[in-house]
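Hello,

Here is the structure I promised to pass on. Please open it first, then read my notes below with the view beside you.

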Amino acid sequence: QVQLVESGGGLVQPGGSLRLSCAASGGGFNSINAMGWYRQAPGKQRELVAVIARSGTRNYAESVMGRFTISRDNAKNTVYLQMNSLKPEDTAVYYCNAGSWIHTPGNYWGQGTQVTVSS
């Protein structure tokens, strides 16, 4: 089993920045290739934000390209999402995810962290 623990959400003004972190633990972690972030806004489906493979290959949603950067520290089993130039439409619950592929979600999910972009 793999456990994912997120941190770093909060309230920020438009144009501001936040950094999310997700730490993974558990005996099944060695089988994990891809780690990343998905988000779900009220009344909308959950969508991919950014995912990164062990190799460093990344997959970003078009809506966040150039504003968000995903990175990972394999030694710490941790993935980060640096979010800059935040917009109100970025408001959502952000979920950490772990699995095999960078284009589809894996089976492991964190509990979610709220990001609110508002003045």
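**Overall build**

For 119 residues, a compact globule would have a radius of gyration near 14 Å, and this chain agrees with that, at 13 Å. Keep in mind that this is a predicted model. The C-alpha trace spans about 40 × 25 × 25 Å along its principal axes.

What is the chain made of, in helices and strands? It has zero helices and 11 strands. Read from start to end, the pattern is β-β-β-β-β-β-β-β-β-β-β.

Buried residues account for 46% of the 119. The chain exposes about 6,100 Å², and carbon and sulfur atoms supply 48% of that area. Now look at contacts between residues at least 6 apart in sequence. Of these, 55% join residues at least 24 apart.

**The four-stranded sheet**

Find the open sheet with the strand order 1-3-8-7. It has four strands, and the pairing is antiparallel. Which strands stand at the edges? They are strand 1 (3–7) and strand 7 (68–73). Each has a single partner strand, so one side of each is left without a neighbour in the sheet. From one strand to the next, the twist averages 15 degrees.

A reminder on how such sheets hold together: strands pair through backbone hydrogen bonds, either parallel or antiparallel.

Start at the strand 1 edge. Strand 1 runs antiparallel to strand 3 (residues 18–25), and five bridges join the two. One residue to pick out is Glu6, whose bridge partner in strand 3 is Cys22.

Then go to the other edge. Six bridges join strand 7 to strand 8, and these two also run antiparallel. Thr69 stands opposite Gln82 in strand 8. Strand 7 and strand 8 form a hairpin, with four residues between them.

**Two faces of a strand**

In a regular strand the side chains alternate between the two faces of the sheet. Both edge strands are good places to look for this.

In strand 1, Leu4 and Glu6 point to one face and are buried. Gln3, Val5 and Ser7 point to the other face and are not buried.

Strand 7 has a covered face and an uncovered one. Phe68, Ile70 and Arg72 make up the covered face. Thr69, Ser71 and Asp73 make up the uncovered face.

**The disulfide**

How many disulfides are there? The count comes to one. It joins Cys22 to Cys96, with an S to S distance of 2.0 Å. The torsion about the S-S bond is about -85 degrees, so this disulfide is left-handed. The pair links distant parts of the chain: Cys22 sits in strand 3 and Cys96 in strand 9, 74 residues apart. Are these cysteines buried or exposed? Both Cys22 and Cys96 are buried. Cys22 is also the bridge partner of Glu6.

**Two residues with a positive phi**

Most residues other than glycine have a negative phi. Two residues here are worth a look with that in mind.

Take Asn77. It is not a glycine, yet its phi is positive, about 55 degrees. Where does Asn77 lie? It is in the loop between strand 7 and strand 8, in the turn of the hairpin described above. Asn77 is partly exposed, with a relative accessible area of 23%.

Now take Ser85. Its phi is positive as well, about 50 degrees, and it is not a glycine. Ser85 is found in the loop between strand 8 (78–83) and strand 9 (92–99). Ser85 is partly exposed too, with a relative accessible area of 41%.

What does Ser85 touch, leaving out residues up to four places away in sequence? It touches Gly15, Gly16, Ser17, Arg67 and Asp90. The C-alpha atoms of Ser85 and Gly66 are separated by 9.3 Å, and the two residues are 19 apart along the chain.

**Where to begin**

I would start with the Cys22 to Cys96 disulfide. Then follow the sheet in its order, 1-3-8-7. Finish with the loops that hold Asn77 and Ser85.

Best wishes

Key
Residues are numbered from 1 along each chain as its sequence is written. This is a predicted model: local features need pLDDT of at least 70, side-chain atom pairs count only at pLDDT 80 or more; totals for chains, interfaces and linings use all residues. Side-chain values use heavy atoms; hydrogens and water are left out. Buried means under 20% relative accessible area, exposed over 50%, partly exposed in between (1.4 Å probe, protein chains only). Contact means heavy atoms within 4.5 Å. Two strands pair if DSSP finds at least two bridges between them. Axes are lines fitted to C-alpha atoms, for helices over the stretch in contact, and angles run from 0 to 180 degrees between N-to-C directions. The radius of gyration is taken over C-alpha atoms; the globule rule is 2.2 Å times the number of residues to the power 0.38. Accessible areas come from the Shrake-Rupley method with a 1.4 Å probe; for residues, only the protein chains shown count as cover. A disulfide is a pair of cysteine sulfur atoms within 2.5 Å.
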